[in-house]
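The following note is offered to a colleague who is examining the coordinates. Its points concern one acidic residue, its partners and the overall fold.

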Amino acid sequence: GYHLSKDLVNQSIQYISDGKSLQPDKPFFLYLAFGAGHWHHHVPQAYIDKYKGKFDMGWDAMRNRTLAKEKELGVVPENTDLPQRDQWVKAWDNLCLLYTSPSPRDQRGARMPSSA
């Protein structure tokens, strides 16, 4: 089926190809902004399926895991600490699990793979 990101890439490739065939020595600038980073329904199902369950531990644990991996790879210094979580972001373990179905954790956990 149709997917916006794929269409944007194909159109961009065509623009570059057309421009280079007409003026091969002329530089070009292409700004390609994907909508999938902002709208979860724009992410192809195959990508969602690939990351399903990989973020079930929640965002707090994921932040710690990511920082540990960055330290291991030498991307950040060993003495790097995470900043405090923004005050408006609730701790994953404190998300209300009562009176809602699906729970806030289930809702957010289900959306996290589409942001991967």
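Does D60 count as buried or exposed? The points below take up this question first and then move outward.

1. The model under discussion is predicted. In it, D60 has a relative accessibility of 18% and therefore counts as buried, since buried means under 20% relative accessible area. This residue belongs to helix 3, which covers residues 59-73.

2. The surroundings of D60 include residues remote in sequence. When neighbours within four places in sequence are set aside, D60 is in contact with R85, A91 and W92. D93 lies 33 residues away from D60 along the chain, and the C-alpha atoms of the two are separated by 8.5 Å.

3. Two polar interactions of the D60 side chain deserve inspection. With the side chain of R85, D60 makes a polar contact of 2.7 Å. In addition, a polar atom of the D60 side chain lies 2.8 Å from the backbone nitrogen of W92.

4. The pairing of D60 with R85 also qualifies as a salt bridge between side chains, with an N to O distance of 2.7 Å. Distant parts of the chain are linked by this pair: D60 is in helix 3, whereas R85 sits in the loop between helix 3 and helix 4 (104-111), 25 residues apart. R85 has a relative accessibility of 33% and so counts as partly exposed, while D60, at 18%, counts as buried.

5. How many salt bridges does a search of the whole structure find? The search returns two. Besides the pair already described, K69 forms a salt bridge with E72, and the closest N and O atoms are 3.5 Å apart. K69 and E72 are three residues apart in helix 3, so about one helical turn separates them. K69 is partly exposed because its relative accessible area is 42%, between the limits of 20% and 50%. E72, with a relative accessible area of 60%, is exposed.

6. As to the overall fold, the protein contains four helices and zero strands. Read from the N terminus on, its elements run α-α-α-α. Among contacts with a separation of 6 or more, 49% are accounted for by residues 24 or more positions apart.

7. Some totals for the protein complete the note. Of its 116 residues, 18% are buried. The protein exposes about 9400 Å², and carbon and sulfur atoms supply 55% of this area.

Note on methods:
Residues are numbered from 1 along each chain as its sequence is written. This is a predicted model: local features need pLDDT of at least 70, side-chain atom pairs count only at pLDDT 80 or more; totals for chains, interfaces and linings use all residues. Side-chain values use heavy atoms; hydrogens and water are left out. Helices (H or I, at least four residues) and strands (E, at least two) are DSSP runs, numbered from the N terminus. Contact means heavy atoms within 4.5 Å. A polar contact is a pair of N or O atoms within 3.5 Å; within protein, one must be able to donate a hydrogen and the other to accept it, and residues adjacent in sequence count only if both atoms are side-chain atoms. A salt bridge is a side-chain nitrogen of Lys or Arg within 4 Å of a carboxyl oxygen of Asp or Glu. Buried means under 20% relative accessible area, exposed over 50%, partly exposed in between (1.4 Å probe, protein chains only). Accessible areas come from the Shrake-Rupley method with a 1.4 Å probe; for residues, only the protein chains shown count as cover.
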